[in-house]
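I opened this notebook to record what I looked up, beginning with the strands and then turning to the nonpolar cores.

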Amino acid sequence: MKQGFIGAFLLGVCMAASAQQTAWPSYIGDLPRAVSESTVAAELPAEVAALAQDATAPAEVAQWSGIWHGWACRVAGCDIKIAIRDLSATGATVTYAGASCRVAIGYSR
């Protein structure tokens, strides 16, 4: 499982998917790579969590394939997991799960 601050990654994915460009916040590069401080773990659906690296993905996007785990929210208070699969040169299927002591566990694709 890949770890690090995935909020920045998610922002990048959203920006890439959008026809409209968004300014990258200047502080993103300074955020530390760390483990979530959430007391509640994010959980991906079982069929997504069992996913392996995508061997069929084009070389230029294959590095993004797999499950990413990290933190978001103030003081790393949210646990986040993102599964990226079905990669092609123009898209991917992304399943996102997030949880914290204040937010119910949930996911979306």
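I count two strands as paired if DSSP finds at least two bridges between them, and I take helices (H or I, at least four residues) and strands (E, at least two) as DSSP runs, numbered from the N terminus. This is a predicted model, in which local features need pLDDT of at least 70 and side-chain atom pairs count only at pLDDT 80 or more, while totals for chains, interfaces and linings use all residues. Residues are numbered from 1 along each chain as its sequence is written, and side-chain values use heavy atoms, with hydrogens and water left out.

I looked up the hairpin and found that strand 2 and strand 3 form one with 5 residues between them, and that Cys73 in the turn has a positive phi of about 70 degrees. These two strands pair in the antiparallel sense over 7 bridges, with Ile67 having Ala83 in strand 3 as its bridge partner.

I then followed strand 3 to strand 4 (residues 93-99), where the pairing is antiparallel over 7 bridges and Lys81 stands opposite Ala97.

Is strand 3 mostly covered or uncovered? I noted it as mostly covered, since 8 of its 8 residues are buried, where buried means under 20% relative accessible area, exposed over 50% and partly exposed in between (1.4 Å probe, protein chains only). Cys78, Ile80, Ile82 and Ile84 point one way from strand 3, whereas Asp79, Lys81, Ala83 and Arg85 point the other way.

Last, I checked the largest nonpolar core (buried Ala, Val, Leu, Ile, Met, Phe, Trp, Tyr and Cys residues joined through side-chain atoms within 4.5 Å), which has 9 residues, including Ala57, Trp68 and Leu87. Strand 3 gives the most to this core, with 4 residues.
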